[in-house]
Amino acid sequence: MAVTEEQVLEALKDVYDPEIPYNIVDLGLVYDVKIDEGNVSIQMTLTFAGCGMGPYMANTARERVMELDDVEDANVEMVF
């Protein structure tokens, strides 16, 4: 069974901005999720433009999504 956007968003709720005790979904940082045959593309932003935790959050988001069944690859793009 193919992974769904709802499953991806639920997984991303485990990713927190280390400086704020809220997950990236509830903070509204995830702008778009696209799924194409097991390949997941995520567009997200940061809480502020100069946030030094961007690479950490993007990597954590990718790792969390890769744990889902039927996900072959995940890509996180930071947009502002």
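Where does Asp-17 sit? Asp-17 lies in the loop that runs between helix H1 (5-12) and strand S1 (30-36). Keep in mind that this is a predicted model. Besides Asp-17, two other acidic residues are worth a look here, Glu-37 and Asp-70, both for their positive phi values.

**Asp-17, a buried charge**

- Asp-17 is buried, yet no salt bridge goes with it.
- If you go looking for a partner of opposite charge, the nearest such side chain is Lys-13, and that one is 17 Å away.
- What the Asp-17 side chain does have is a polar contact with the side chain of Thr-47, at 3.1 Å.
- Leaving out residues up to four places away in sequence, Asp-17 touches Tyr-22, Ile-24, Leu-27, Thr-47 and Met-57.
- So Thr-47 turns up twice, as a polar partner and in the list of touching residues, because contact means heavy atoms within 4.5 Å.

**Glu-37, positive phi between two strands**

- Glu-37 belongs to the loop linking S1 and strand S2 (39-44).
- Its phi is near 50°, which is positive even though the residue isn't glycine.
- Glu-37 is exposed, with a relative accessible area of 69%.

**Asp-70, positive phi between helix and strand**

- You'll find Asp-70 in the loop between helix H2 (54-66) and strand S3 (73-78).
- Here phi is near 70°, again a positive value in a residue other than glycine.
- Asp-70 is partly exposed, and its relative accessible area comes to 44%.

Methods:
Residues are numbered from 1 along each chain as its sequence is written. This is a predicted model: local features need pLDDT of at least 70, side-chain atom pairs count only at pLDDT 80 or more; totals for chains, interfaces and linings use all residues. Side-chain values use heavy atoms; hydrogens and water are left out. Helices (H or I, at least four residues) and strands (E, at least two) are DSSP runs, numbered from the N terminus. Buried means under 20% relative accessible area, exposed over 50%, partly exposed in between (1.4 Å probe, protein chains only). Lys and Arg count as positive and Asp and Glu as negative; His and the chain ends are not counted. A salt bridge is a side-chain nitrogen of Lys or Arg within 4 Å of a carboxyl oxygen of Asp or Glu. A polar contact is a pair of N or O atoms within 3.5 Å; within protein, one must be able to donate a hydrogen and the other to accept it, and residues adjacent in sequence count only if both atoms are side-chain atoms.
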